Amino acid sequence: MSDIFDFVVVGGGSGGCAVAGRLSEDPKTSVALLDAGGRCDNWVVTTPGALVLMLAGGVNNWAFDTVPQPGLQGRIGYQPRGKGLGGSSAINAMVYIRGHRRDYDQWASLGNAGWSYADVLPYFKRSEDNSELGGEYHGKGGPLRVSGSRSDNPVRETFLQAAREAQFRIREDFNAEDQEGLGTYQVTQHDGERWSAARGYIHPYMGSRTNLHVETKAHATRILFEGKRAVGVEYRQGKETKQIRARREVILSSGAFQSPQLLMLSGVGDSAALAKHGIASVHHLPGVGQNLQDHPDFVFGFTSDAPYFAGLSLSGIARIFKGIAQYRRERRGPMTSNIAECGGFLKTRPDLDVPDIQLHFCMAMVADHGRKPSWGTGFSCHVCLLRPKSHGSVWLQSADPYSPPAIDPNFLGEEADLDAMVAGFKMTKRLLDAPALKALQTSDVFTAGVESDADIRQTLRQYVDTVYHPVGTCKMGVNDPTAVVDPKLKVHGLEGLRVVDASIMPTLIGGNTNAPTIMIGEKAADMIRSEMRAN
Ligand SMILES: Cc1cc2nc3c(=O)[nH]c(=O)nc-3n(C[C@H](O)[C@H](O)[C@H](O)COP(=O)(O)OP(=O)(O)OC[C@H]3O[C@@H](n4cnc5c(N)ncnc54)[C@H](O)[C@@H]3O)c2cc1C
């Protein structure tokens, strides 16, 4: 079977939904969107508190492992990634953050014209429908709903009280002129339900836009080329192998691990490395899969008898049932919690220009990404390093498109990252030791007796893992032999092929990566539409 569309978008995640949704606004432009997963429109996705059912693996999640990490005592890390429409925005923690303005100015200073903060702010605003904040920095009426939490958890106020006690600045809005300080996060939700990228850009139009064609359970296996031009995609759906053709462009939006994987499977990458798997080179592009950057993260955990936290105990389970009933009645209460309700951005040294650590304070105690459930209720606090010096890579383990890619984030590969995380650990401890939060702690699960710098270093190497923000593996750049796409997101040396997802970020931004990836999708659609107008 062969179908033809103007654009074929491979991957319906944050970037793919935004670009496919915007391009299909024009009824004269036909767009096909493929995703290997399902529709992701049922209660498991829409109920915020159900994220715990997806995080640990299995449901709507590719649940990748990393290769053993020398910086983490040889441990294998975990890399959850969303599978299905919405992609990782369908399983994420819904924190609405854009990063620091300096991050985008840095992209521009690397030669990426059109990507400074002033350039990208209109796209953040265009995507946004913020129910609470407005003015210079916020948008209304966009597809991505953003609001405050409806969990009504009193510990949000306790967190702010502890921040004041420990003399941290309080910040009301992390997405305005500055970022530094602690506070409560806004979330990508509407009326207490998760608002994935699919919910904003794709689900409402699946019946009504005849020019938008969506295929789920469609696993792309390779990009089809005629010479140096991408002309379509081969995919498998059930037992069938199918092809879909693109009149104008193939847009790769399969995320930071699978966009480079699909390029390599299709013959675009380091040709010598591809030859080892018997893959014929279409174009030698050695940067594909390089430059992987991700936020290394440590989680403090405390058991607590206070009646505000999720967890496995008789009272905890009773609270969940009560919460479900309340959610069904009024879309409020604990089931609307994104778990990581509070946090903020801090500088571990006063001479830093921008915050270098981010905190996520969680209304549950989570060990090993929720993969090791334990009896009891409690809370936790993540601290992650925002701009790690350790960079890693992604490569093919095999030419089989169903085999997961090899993923090496190289966490704590550079000693400087460990030093910065030791400082971040101490700063977070200062907050957790403030009387308001201390009063909630029954026992310290991971850091009891950890006092000296040597103890902290050892603890970090023992527990650090991702906080789910891998980027950079199809880096945008010019005059850079490791760049994969140009500032228009077109793959260097090829025609009819763009990458539109988190993999194009040349450097990791200081914050969560969903809103920035949606911004990338918005900007890509805008660039494509203006090229179409010009032709
Ligand atoms: C557990 C978790 C929590 C997070 N929490 C937050 C948060 O609170 N706030 C925030 O801002 N960010 C958060 N993030 C990060 C954020 O969600 C991601 O950075 C963002 O969604 C990435 O978008 P993307 O378009 O690059 O890729 P994705 O959204 O991952 O989309 C890639 C899509 O491509 C599909 N795909 C892959 N390979 C193929 C193939 N071969 N054929 C067809 N389809 C394919 C996948 O199924 C997927 O749907 C979190 C991420 C995770 C995993």
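**Figure 1. A small cavity, the second largest one, sits among nine named neighbours.** The second largest cavity is lined by Tyr-96, Ile-97, Leu-133, Glu-172, Asp-173, Phe-174, Asn-175, Thr-184 and Gln-186. This is a predicted model, in which local features need pLDDT of at least 70, side-chain atom pairs count only at pLDDT 80 or more, and totals for chains, interfaces and linings use all residues. Residues are numbered from 1 along each chain as its sequence is written, and side-chain values use heavy atoms, with hydrogens and water left out. A cavity here is a set of points, on a 1 Å grid over the protein atoms alone, where a 1.4 Å probe fits but cannot get out, and lining residues have an atom within 4 Å of a point. The volume of this second largest cavity is about 40 Å³, meaning the space filled by probe spheres set on points that are joined across faces, edges and corners. Its lining splits into 4 nonpolar, 3 polar and 2 charged residues. (Nonpolar means Ala, Val, Leu, Ile, Met, Phe, Trp, Tyr, Cys and Pro; charged means Asp, Glu, Lys and Arg; the others, Gly among them, are polar.)

**Figure 2. Here's the largest cavity, at about 80 Å³.** Searching the whole structure turns up 2 cavities of 30 Å³ or more. Around the largest cavity you'll find Arg-98, Gly-99, His-100, Arg-101, Tyr-117, Phe-174, Asn-175, Ala-176, Glu-177, Asp-178 and Gln-179. Sorted by class, that lining has 3 nonpolar, 4 polar and 4 charged residues.

**Figure 3. Now for the ligand and the residues around it.** The ligand has 37 residues surrounding it, and the closest are Ser-14, Asp-35, Ser-88, Thr-513 and Asn-514. (To be near, a residue needs a heavy atom within 4 Å.) Zoom in on some polar contacts, which are pairs of N or O atoms within 3.5 Å; within protein, one must be able to donate a hydrogen and the other to accept it, and residues adjacent in sequence count only if both atoms are side-chain atoms. Thr-513 has a polar side-chain atom 2.6 Å from a ligand oxygen. For Ser-88, a side-chain N or O atom is 2.7 Å from an oxygen atom of the ligand, while Gly-15 uses a backbone N or O atom, 2.9 Å from a ligand oxygen. On its own the ligand has 1000 Å² of accessible area, and the protein covers 98% of it (areas come from the Shrake-Rupley method with a 1.4 Å probe; for residues, only the protein chains shown count as cover).

**Figure 4. Which classes of residue make up the shell around the ligand?** There are 12 nonpolar, 21 polar and 4 charged residues. Strand 11 gives the largest share of the shell, 3 residues. (Helices, H or I with at least four residues, and strands, E with at least two, are DSSP runs numbered from the N terminus.)

**Figure 5. The second largest pocket holds about 330 Å³ of space.** Of its 15 lining residues, Arg-349, Leu-352, Asp-356, Arg-387 and Lys-389 are the closest to its centre. Unlike a cavity, a pocket is an open set with protein on both sides within 12 Å along at least five of seven lines. Helix 11 (residues 415-432) contributes the most to this lining, 4 residues. By class, the pocket lining has 9 nonpolar, 1 polar and 5 charged residues.
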